Amino acid sequence: QVQLVESGGGLVQPGGSLRLSCVASGMPFGMRFSFVAMGWYRQVPGEQRELVAGIDAGGTTNYADSVKGRFTISRDNLKKTVSLQMNTLKPEDTAIYYCKMEPTIRFDASWGQGTQVTVSS
């Protein structure tokens with residue numbers, strides 16, 4: 001069973017930066033991290049979880065309009081890690097951030113447990 005463990009959340013002042021990381025383990029036979037799309041999502045209590053940034057197996061990225069130019073998603077296939085560099089943080093970026101391994105033809109999606117990001121002065 002795939003396990004995704006996020007780290008790097010915390011409290012930061014507006015305008016500050018944080019870097020989130022997500023490490024994958026327990027991948028079943030036949031699944032290779034480098035072949036799977038990964039994403040970062042966030043959720044505020046009472047609201048739907050939304051995509052923040054995604055990166056596919058080829059390294060192509062996509063971002064929510066609200067974070068374009070401020071956030072950067074990257075992956076290290078050897079370390080089975082996906083990261084989210086968040087700069088110029090705003091109070092509205094406050095949320096629980098989740099790492100997701102996107103589903104494939106053969107395997108269901110997997111989610112991490114989430115990490116809290118709070119942007120406040």
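In strand S11, the bridge partner of Tyr-97 is Thr-115, and this contact belongs to the antiparallel pairing of strand S9 with strand S11 (residues 115-119), which extends over three bridges. The model described here is predicted, so that local features were considered only at pLDDT of at least 70 and side-chain atom pairs only at pLDDT 80 or more, whereas totals for chains, interfaces and linings use all residues. Residues are numbered from 1 along each chain as its sequence is written, and side-chain values rest on heavy atoms, with hydrogens and water left out. Strands are DSSP runs of E with at least two residues, numbered from the N terminus, and two of them are taken to pair if DSSP finds at least two bridges between them.

Strand S9 (residues 95-101) also has further pairing partners. Six bridges join S4 to S9 in an antiparallel arrangement, and within this pairing Tyr-98 of S9 is the bridge partner of Tyr-41. Two bridges join S9 to S10, again with the strands running antiparallel, and here Met-101 has Ser-110 of S10 as its bridge partner. Six of the seven residues of S9 are buried, so the strand is largely enclosed by the rest of the structure; buried denotes under 20% relative accessible area, exposed over 50%, and partly exposed the range in between, as computed with a 1.4 Å probe on protein chains only.

A second group of strands forms an open sheet, in which four strands follow the order S1-S3-S8-S7 with antiparallel pairing. Strand S1 (3-7) and strand S7 (71-76) stand at the edges, each with a single partner strand, so one side of each is left without a neighbour in the sheet. Neighbouring strands of this sheet are turned by 15° against each other on average, direction ignored, where the axes are lines fitted to C-alpha atoms and angles between N-to-C directions run from 0 to 180 degrees. The antiparallel pairing of S1 with strand S3 (residues 18-25) comprises five bridges, and in S3 the bridge partner of Glu-6 is Cys-22.

Cys-22 also takes part in the one disulfide that the structure holds, a disulfide being a pair of cysteine sulfur atoms within 2.5 Å. The sulfur atoms of Cys-22 and Cys-99 are 2.1 Å apart, and the link is left-handed, with -75° about the S-S bond. This pair links distant parts of the chain, since Cys-22 lies in strand S3 and Cys-99 in strand S9, 77 residues apart. Both Cys-22 and Cys-99 are buried.

A search of the whole structure finds two aromatic pairs, the criterion being that ring centres of Phe, Tyr and Trp (its six-membered ring) lie within 6.5 Å, with planes under 30 degrees apart counted as stacked, over 60 as edge-to-face and the rest as tilted. Tyr-41 and Trp-111 form an edge-to-face pair, at 4.9 Å centre to centre and with 65° between the planes. Because Tyr-41 lies in strand S4 (residues 38-43) and Trp-111 in strand S10 (residues 110-111), the pair ties together parts that are 70 residues apart in sequence. Tyr-98 and Trp-111 form an edge-to-face pair as well, with 6.3 Å between the centres and 85° between the planes; this pair links Tyr-98 in strand S9 to Trp-111 in strand S10, 13 residues apart. Tyr-41, Tyr-98 and Trp-111 thus form one aromatic cluster. Within the cluster, Tyr-41 is buried at a relative accessible area of 12% and Tyr-98 is buried at 12%, whereas Trp-111 is partly exposed at 36%.

Charged side chains also lie over aromatic rings, an arrangement that requires NZ of Lys or CZ of Arg within 6 Å of the ring centre and within 35 degrees of the ring normal. Arg-49 lies over the face of Tyr-98, at 3.7 Å from the ring centre, and the charged end of Arg-75 sits over the ring of Phe-33, 4.9 Å from its centre.

Lys-79 is located in the loop between S7 and strand S8 (81-86), and at 60% relative accessibility this residue counts as exposed. The C-alpha atoms of Lys-79 and Ser-110 are separated by 18 Å, the two residues being 31 residues apart along the chain.
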